[in-house]
Amino acid sequence: MEFGVFDHLDASGRPLHLYYEDRLRLIELFDRSGFRSYHVAEHHSTPLGMAPSPTVFLSAVASRTKQLRFGPLVFALPLYHPLRLVQEICMVDQMSAGRLEIGFGRGASPIEASYFGNDHAEAEETYRDSLDLILSAMADGKMDGRGTFDDYPDVPLLVEPFQKPHPPLWYGVHSTESADRAARMGSNIVSLDTAEETKTFADRFREVWNQLHGETKPLPLIGLGLFVFVAEDDETALRIARRAYPVWYESFMWLFHRHNLPLPRHQRPAEFDGMAAQGRAIAGSPETVTAFLEERLAASTVSYLVGQHVFGDQTPEEATRSVELFASDVMPRIRAKFP
């Protein structure tokens with residue numbers, strides 16, 4: 001079992017310059033505490049994501065950490081020129097000496113796409129075209145711009161990725177079809193759905209992977225994302241999580257309320273207890289959190305726990321103490337249970 005972090009970098013109410021510094025210090029703690037990876041979301045013009053340029057933020061992460069791997073989950077490819085993005089990917093991979101991991105997607109929000117003048121109906125085709133260009137460019141050292149920009153057949157990169165042919169890939173899955181596609185891409189996966197739903201994705205992923213590779217290649221990581229908050233006792237943990245989560249939820253819903261649009265496809269309960277009742281969140285003492293996670297991980301059959309450890313209006317002190325307790329009192333027990 002490996003441990004990672006998923007972070008929306010949602011607004012907390014702190015002044016932004018202090019907010020970034022607080023988060024970078026917390027990421028330094030992830031680095032010291034034995035987490036494998038840190039994954040940051042990409043969102044635009046919404047308090048759900050205060051890192052609208054993931055590569056800018058991850059450049060700071062690269063300079064503040066030594067072992068931690070990190071990357072976007074995911075780059076919203078229709079919002080990028082592929083040449084600009086592949087150069088930034090190569091730079092951050094080199095700056096971190098090969099600790100970058102890259103997730104790509106079409107983008108989850110039609111509203112955010114419209115701010116860029118994009119038609120979300122075309123997002124899937126744009127995503128696939130850009131992904132092919134970017135991966136080929138990293139492998140070949142040049143980008144084929146025919147049909148994309150000024151009809152140049154071989155635009156030289158000059159900057160190349162540290163990891164060859166490219167950094168490891170990540171994909172967010174919500175269905176067996178997306179799990180199938182990710183296995184064929186050779187990508188690691190993360191599910192933010194329930195453990196039971198995730199098991200169906202994981203089963204399909206392993207099935208396709210084994211059909212393609214048998215035992216010739218190690219299986220990529222299969223991850224489950226959960227809200228996790230730890231305190232010395234259940235009462236304290238629940239009090240903080242019940243206060244902080246609705247702040248995150250308001251950020252999650254902010255664009256939909258602003259534009260008076262129907263609820264998002266992948267909805268979340270408005271209260272922390274609702275998430276916990278679905279098995280998608282836990283707040284409690286180390287003993288309570290450990291017992292919950294052991295059951296959820298067994299039900300999901302994953303190999304990678306991705307905790308959303310900081311959300312809403314948690315104070316830096318609350319977030320730091322939660323991560324410290326998780327690393328010292330929860331992670332060792334989970335590792336012993338799932339070696």
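Is W248 buried or exposed? In this predicted model, W248 has a relative accessible area of 1% and is therefore buried, since the cut-off for that class is under 20%. The same question can be put to its aromatic partner. F227 is buried too, at a relative accessible area of 4%.

The two rings make a good starting point for a look at the aromatic side chains. F227 and W248 pair edge-to-face, with 5.0 Å from centre to centre and 75° between the planes. This contact joins distant parts of the chain: F227 sits in strand β10 (residues 222-230) and W248 in helix α8 (residues 234-258), 21 residues apart. Nor does the pair stand alone, as ring pairs link F227, Y245, W248, Y249, F252, F272 and F311 into a cluster. Across the whole structure, the search returns 17 aromatic pairs.

Attention now turns to the nonpolar cores. In soluble globular proteins, nonpolar side chains tend to be buried together. Here the largest nonpolar core comprises 76 residues, and Y38, F104, L293 and F326 have the most contacts inside it. Helix α11 (residues 316-337) supplies the largest share of this core, with eight residues. A second, separate core holds 21 residues, among them I111, A231, Y245 and M253. Y245 thus brings the aromatic cluster back into view, being one of its linked rings.

Y38, from the largest core, offers a closer view of one neighbourhood. Leaving aside residues up to four places away in sequence, Y38 touches V5, D7, L9, R23, I27, F30, F57, L58, L68, R69, F70 and G71.

Conventions
Residues numbered from 1 in each chain as written. Predicted model: local features only at pLDDT ≥ 70, side-chain atom pairs only at ≥ 80, totals over all residues. Heavy atoms only, no water. Phe/Tyr/Trp six-rings, centres within 6.5 Å; stacked < 30°, edge-to-face > 60°. Helix = DSSP H or I, 4+ residues; strand = E, 2+ residues; numbered from the N terminus. Buried < 20%, exposed > 50% of the residue type's maximum accessible area, 1.4 Å probe, protein only. Core = buried A, V, L, I, M, F, W, Y, C linked by side-chain atoms within 4.5 Å. Contact = heavy atoms within 4.5 Å.
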